[in-house]
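Please walk through this chain with me, starting from its overall make-up and moving on to its core, its charged pairs and its surface.

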Amino acid sequence: MYRPVLDPVGGSLALSALFAMLPLLTLFVLLGVLRLSAWKAALISLLVALLVAVLVYPMPVGQALLAGTEGAAFGFFPILWIVINAIWVYNMTVVTGHFDVLRRSFARVSDDQRIQAVIIAFCFGALLEALAGFGTPVAITSVMLIALGFKPIKAATVALVANTAPVAFGALAVPITTLATVTNIPEHTLAQMVGRQTPLLGVFVPMALVFIIDRWRGVRETLPATLVCGIVFALAQFTTSNYLSTQLTDIVAALLGAAATVLLLRVWRPAHRYVEEPDLVAAGGAAATGAGRTARAGEAAAAGRPAVADGLAATGRAPGADHGRGPDHGRGSDHPVGMGAGTADELGARDISKQDSHGDVVRAYAPYLIIIAIFIITQVPVVKALFEVPTKVLQWPGLHLQTAGGKPSTIPTYKLNWLSAAGTLLIIAGLITIPVIGISLRRAWKAYVDTYRQLAGAIVTVMAVLALAYVMNASGQTATLGAWMAGAGAAFALISPILGWLGVAVTGSDTSSNSLFGALQVTAAHQTGLNPVLMAAANSSGGVLGKMISPQNLAIAAAAVGLSGREGDVFRKVFGWSLGFLAFMCILVYLQSTSVLSWMVP
């Protein structure tokens, strides 16, 4: 029975923390500085974590290896199980061409790609986060942005940065319910506190997305839309979490934010239409050479030429050129599984001649409506209980652990809820989707197999990083870091969100971070005289900002847009945003711990 010691290096917590940092430092240096592929960086960092566990703590070799195997298994089920099956549903719509219908439907809301990005990456992404979480919104929205003409690297960056404010209430608020379980604080109280932190973040995220796309000029030109979207989302998230339902928080916020933006666009449009002229978007989300310029409708008109023609000049393709057929023929997509290719303006030129019927539009939205319906139905108590019947709770064979306090550890407990898991519900949604969109079983199966091929690198990365996380948790490395940070006294309020950020950066999950550090946050709060509700909530709110730099999400985003092996480039794009938003959250939590904003604490 292994019991971790938190200060194995000469009885010094600080020195022990330096060794405990090594796996994380290795991971971030390999990704951000050396730009190593995520799966290679994850495997090397896993080896470092094993060496620290065995040589420094010291943890028996067999126990360390078993902890790693459990982490790898958890990485596949339930996390990858969700992502793979969500992408499969999406890929089927690509094969049939219904995704192109959906893309045209989004494009008709606004012909400005900055606005499209806000609606898709932020609003639609928040809805996907609410229903599935665990990387699903990043995977789907990034390829949707690719299909609208964004460059792969920019699409991945926008999707990752957008996946912040909704995360704490993602997957029907599983992070909050987990936090309530480990801290013994009522779920509603925690939801109220988190609902007074992340909405403030949500106000600024749409502006950040526009800045990534078009810098300050874009922010100025789209300010009415980003403010309306952000403020309505924030108010809805606050109101729902505090007064209505924890589980429905992100669903309500996402729908109202999107609706408010669409309504605004009926009476207001940006002064200039922004559309990228990216590198040629080809199979796999990869890109051929291109001009990489931007085109504004107003400027093109002033020059006496249509904006669409400006984009086609770089490719030499005729406006009527089509690279595929419509939904009834099952081709004509702009994604790895499909056959299409084109620049943003080229896609727009093709779409001008497309007249989607009402039935096509309904079928294009149907898969997502089916997913929403299934997730809502399975939350009905009777149905939920029925789906939980086959669930098995297992003890990982051979793994015997205690906490630092000498109590039995929960790490070896593995929950196999194969029927009620979100990934299984997505399979059910996919099976219902098959006849709705008219895809044959053979082609549906091929899309499923292609999905595994498409995500091969991401699968290795996620399993390796979760193995690393489990080794760090089981050996005591994670607890050492937490205990060291908790020794900051009253200043702990300032660094409390960093602990949650660190947990999500390692595990890729706000749920996992809450299970790791939630109790530690409460203990530190009692020791330093801080409010335990505030500190527990800060773990979740700070954690959402670590998701964009977690190797799992970097790997999923890179694989989705065809940049596997270039996760380091994506990491460098989003790291500054992660730190900037984290600094904002740290200041907010600190002020909430003082008389300045203490009135915000329930």
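The paragraphs below go from the whole chain to individual residues.

This is a predicted model, in which local features need pLDDT of at least 70 and side-chain atom pairs count only at pLDDT 80 or more, while totals for chains, interfaces and linings use all residues. Residues are numbered from 1 along each chain as its sequence is written, and side-chain values use heavy atoms, with hydrogens and water left out.

The chain has 27 helices and four strands, where helices (H or I, at least four residues) and strands (E, at least two) are DSSP runs numbered from the N terminus. Of the 602 residues in the chain, 60% are buried; here buried means under 20% relative accessible area, exposed means over 50%, and partly exposed lies in between, with a 1.4 Å probe and protein chains only. The accessible surface of the chain, about 21500 Å², belongs to carbon and sulfur atoms for 68%, the areas coming from the Shrake-Rupley method with a 1.4 Å probe and, for residues, with only the protein chains shown counting as cover. If contacts (heavy atoms within 4.5 Å) between residues at least 6 apart in sequence are considered, 79% of them join residues at least 24 apart.

Helix α10 (residues 187-194) gives a local view of burial, since L190, A191, Q192, M193 and V194 are buried there. The cover over the buried residues of α10 includes α9 (170-183), α11 (198-221), α12 (223-244), α25 (532-543) and α27 (567-592).

One of the covering helices, α11, holds P206, which is buried with a relative accessible area of 0%. Apart from its neighbours within four places in sequence, P206 is in contact with V118, F122, T226, C229 and G230. P206 also lies 9.3 Å from C123, C-alpha to C-alpha, although the two are 83 residues apart in sequence. The structure holds zero disulfides, a disulfide being a pair of cysteine sulfur atoms within 2.5 Å. C229 is accordingly in no disulfide, and the nearest cysteine sulfur, that of C123, is 3.4 Å away. C229 counts as buried because its relative accessibility is 0%.

Which kinds of ring pairs join distant helices? The structure holds 16 aromatic pairs, for which rings of Phe, Tyr and Trp (its six-membered ring) must have centres within 6.5 Å, planes under 30 degrees apart counting as stacked, over 60 as edge-to-face and the rest as tilted. In the pair of W88 and Y448 the ring centres are 5.2 Å apart and the planes stand at 85°, so the pair is edge-to-face. Because W88 lies in helix α4 (residues 61-96) and Y448 in helix α20 (residues 441-454), this pair ties together parts that are 360 residues apart in sequence. Both W88 and Y448 are buried. F124 and Y368 are likewise edge-to-face, because their ring centres are 5.2 Å apart and their planes are at 80°. This pair links F124 in helix α6 (residues 113-131) with Y368 in helix α17 (residues 358-377), 244 residues apart, and both residues are buried. W88 and Y448 also belong to one aromatic cluster together with W445 and Y452.

Side chains of opposite charge can pair when their charged atoms come close. With a salt bridge taken as a side-chain nitrogen of Lys or Arg within 4 Å of a carboxyl oxygen of Asp or Glu, the count comes to 13 salt bridges. R273 forms a salt bridge with D111, their closest N and O atoms being 4.0 Å apart. Since R273 lies in the loop between α13 (249-264) and β1 (274-277) and D111 in the loop between α5 (98-109) and α6, the pair ties together parts that are 162 residues apart in sequence. R273 is buried at 17% relative accessible area, whereas D111 is partly exposed at 44%. D112 and R114 form a salt bridge with closest N and O atoms 2.6 Å apart, and they are linked with D214, R217 and E221 in a network of salt bridges.

At the surface, L15, L18, F19, L22 and L25 make a nonpolar patch of about 430 Å². Patches are made of residues with over 30% relative accessible area and no salt bridge, like charges being joined within 9 Å and nonpolar side chains (Val, Leu, Ile, Met, Phe, Trp, Tyr) within 5 Å. Helices α1 (13-20) and α2 (22-33) each supply at least two residues of the patch, and the largest share, three residues, comes from α1. L18, found in helix α1, counts as exposed at 52% relative accessibility.
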